[in-house]
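The following exercises concern a structure shown below. Each task is followed by a solution in steps.

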Amino acid sequence: MNHRAKPGVEALALRVRERIVRLATGGGCFLGASLSCVDIIVALYTTFLNLRRDNLTSPERDVFLLSKGHDVPALYATLAELGVIDGKRLANHLKSNDDIYWHPNTAVSGVEFHSGSLGHLLAVGVGIALDLRLRRQSARVVVLLGDGELNEGSVWEALLVACAKRLSNLLLIVDRNGFQANVRTEELVPLEPLERKFAAFGCGVVRVNGHDLAALEAALAWFPYTEKLGQDAKGGAPEGPSVLIADTVRGKGLPSIEARADRWFCNFTPGEVEALVEELHGAERARLTSQPLAVR
Amino acid sequence: MSGRPWTSYESALADLASADERIIVMTAENRAAIRGLPATLGERFIDTGINEQTLVGAAAGLALRGRIPVVHALATFLTMRAFEFIRTDVGLPALPVKLIGSVPGLLSEANGPTHQALEDVALMRAIPGMRVFSPGDEADLLLGLPAVLADDSPWYVRLNTRLAGVAHEPFAVGKAEVLREGSDAGILVSGTLLREAARAAELLAGAGISTRVVNVRTIEPLDERTVLETVGQCRRVVTVEDHFVRGGLFSAVAELMARDGVPGYVTAIGLEQRWFRPALLPDVLAGTGLRGDLLADRIRGLVELAG
């Protein structure tokens, strides 16, 4: 990719990461899985979804479903940065006086549907996409899945149906961070070649670096993918769901925990959190100064 | 209610769906009861194929958008294969999805244990907010269907299109109907065994035993008043259900009596701790002891024992 992300988006992603790291204490959170999908969620909200604080109940809005629910700190932090929810609520994390717990729920504005049990929300997304088509509405449904979540048969079952129903208004994004809960995906239930699997089902597939915001923006702008992938088997205009595989790193932004199998769920002391916030900013400064001038 | 000219479940559903754009008829390729609806409903008929989890998940998605999905699959596969989707995606947000389980209980006949839904009521009533309608026959089903579709709750309906040969009262959610009065024996019955219970009561009357027959249409919510009234006024009470005796109608009645400290014996008649030998329905009724005359013999013995 030789163009830049929208102005301010990288800074936004950094602020989202900081908010997430600050949730990894006092009980903790699924830090690794949350940090891997930050750039995906930030790109969605800043360049793709027509979701704003003032249209969250509009029937015309795009629908975003977080199927890998344990990464909800990334969603809440993004919603806080965008003013959809009050950022002060994140201080209520894991407290019974609020609904900011380890999985998403609709008591929090901006959450379309609860999740936590993997392999559910693609089917729910299929239902929403079917309704949008019945109503001749142009809104889109985006379902974010974890790669470990692809172990669930219900994902592939729902994908068969999404393809059978030719749901071009549906976008699946896979946060391909390479890890299940405890081990690397390829060591337990190998997923590759993932693009070919999705393509064989009848999806249009695009694969990008899930931490390159400019690449993510470009990939999202390209939606729907099937239209651009030639004719279907019968020579007609291809229709079907789009799949964006975003290659990511578990724990992205914190070199000390990146790509570690033991950094799925983290519960640090407040002092450790402050050190990690320092590390986060240090890593970001290093990243910016190491970028070649051509892309700055 | 009886003024509606519906001749079948399919015609009733076609009529109700045609009058309400919110209704979406769905199936996991289980079309026996709704074969004509694709032509009637067009895009509002959605067949997802043989996949109960996606069927229920998609129904939840449609319900989130204001639709009322009426979802058809075999009772076993719907309530067990998709149980977690029902519990988590329909029950937890209390979406108005209507789950229609076909060939429940004994109605799977000769299919074998894979198809025997004998724990479906137990599973569904364990979900908070889920309502359960087990109609005694087709007329009962058609009387209840408009109320089920109009209600905001999720529902599980045991599809029963057989004939029981009894005249029904109008349907009301949470209201059982007393089809026959009596005080020697009381039969609390749900579902397709209504016909056998009615036959048993006839035979018992011939033997000088007066029998109250209560069609417990909705097991959840249970008509607590009518159940307790029956327990109070009849010398011996039985529950009759084509379901395992753990978790269904008997359990609901026993929970109620224990909760309220109501003394008394209630005998559970249904399937004990085993599946039934597959065969056509007459043989199954005979083999399980659930045929009307066999029920009558058993109930007569209980009444005589009570003295």
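**Exercise 1.** Determine which residues Val126(A) touches, leaving out residues up to four places away in sequence.

*Solution.* In this predicted model, begin with the contacts inside chain A: Val126(A) touches Ala158(A), Val161(A), Ala162(A) and Leu167(A). Then turn to chain B, where Val126(A) touches Thr54(B), Ala58(B) and Gly61(B).

Next, place Val126(A) in the largest nonpolar core, which holds 181 residues. Val126(A) is among the members that touch the most other members, together with Leu122(A), Ala59(B), Val71(B), Ile187(B), Val189(B) and Ala197(B). Helix 5 of chain A, residues 121-134, supplies the largest share of this core, 9 residues. Finally, domain 1 (9-158) and domain 2 (177-306) of chain B both contribute residues, and therefore the core lies between them.

**Exercise 2.** Describe the side of chain B that touches chain A.

*Solution.* First, count the residues: 21 of chain B are in contact with 18 of chain A. Second, name the elements of chain B that give two or more residues to this side: helix 3 (52-64) and helix 5 (83-91). Helix 3 of chain B gives the most, with 9 residues. Third, sort the side of chain B by class, which yields 8 nonpolar, 8 polar and 5 charged residues.

**Exercise 3.** Characterise the contact between the two domains of chain B.

*Solution.* Start from the domain assignment, which gives domain 1 (9-158) and domain 2 (177-306). Their centres, taken over C-alpha atoms, are separated by 26 Å. The contact takes 25 residues from domain 1 of chain B and 26 residues from domain 2 of chain B. On the domain 1 side, helix 6 (120-125), strand 5 and helix 7 (138-150) of chain B each give two or more residues. By class, that side has 11 nonpolar, 7 polar and 7 charged residues.

**Exercise 4.** Trace the open sheet of 7 strands in chain B and locate its edges.

*Solution.* Write down the strand order, 2-1-3-4-6-5-10, and note that the pairing is mixed. Strand 2 (45-47) and strand 10 (218-220) of chain B each have a single partner strand, so one side of each lacks a neighbour in the sheet. From one strand to the next, the twist averages 20°.

Now follow the pairs towards one edge.

- Strand 4 (residues 98-102) and strand 6 of chain B run parallel and are joined by 4 bridges; Ile100(B) stands opposite Val157(B).
- Strand 5 and strand 6 of chain B pair in the parallel sense over 3 bridges; Val132(B) stands opposite Tyr156(B).
- Strand 5 (residues 131-133) and strand 10 of chain B run antiparallel, with 2 bridges; Val132(B) has Glu220(B) as its bridge partner.

Last, consider the side chains of strand 6. In a regular strand, side chains alternate between the two faces of the sheet. Trp155(B) and Val157(B) point one way from strand 6 (residues 155-158) of chain B, Tyr156(B) and Arg158(B) the other way, and all are buried.

**Exercise 5.** Is Gly202(A) buried, partly exposed or exposed?

*Solution.* Locate Gly202(A) in the loop between helix 8 (194-201) and strand 4 (204-209) of chain A. Count the other C-beta atoms within 10 Å of Gly202(A): there are 19. A buried residue needs 20 or more, so Gly202(A) is partly exposed. Then list its contacts, not counting residues up to four places away in sequence: Gly202(A) touches Cys163(A) and Gly240(A). Finally, compare Gly202(A) with Leu160(A): they are 42 residues apart in sequence and 8.6 Å apart in space, C-alpha to C-alpha.

Technical notes:
Residues are numbered from 1 along each chain as its sequence is written. Chains are lettered from A and ligands numbered from 1 in the order in which they are written. This is a predicted model: local features need pLDDT of at least 70, side-chain atom pairs count only at pLDDT 80 or more; totals for chains, interfaces and linings use all residues. Two strands pair if DSSP finds at least two bridges between them. Axes are lines fitted to C-alpha atoms, for helices over the stretch in contact, and angles run from 0 to 180 degrees between N-to-C directions. Two residues are in contact if their C-beta atoms, placed from the backbone, lie within 7 Å. Ala, Val, Leu, Ile, Met, Phe, Trp, Tyr, Cys and Pro count as nonpolar, Asp, Glu, Lys and Arg as charged, and the others, Gly among them, as polar. Domain bounds come from an automatic or database domain assignment. A nonpolar core is a set of buried Ala, Val, Leu, Ile, Met, Phe, Trp, Tyr and Cys residues joined through C-beta atoms within 7 Å. A residue is buried if 20 or more other C-beta atoms lie within 10 Å of its own, exposed if 12 or fewer, and partly exposed in between; C-beta atoms are placed from the backbone.
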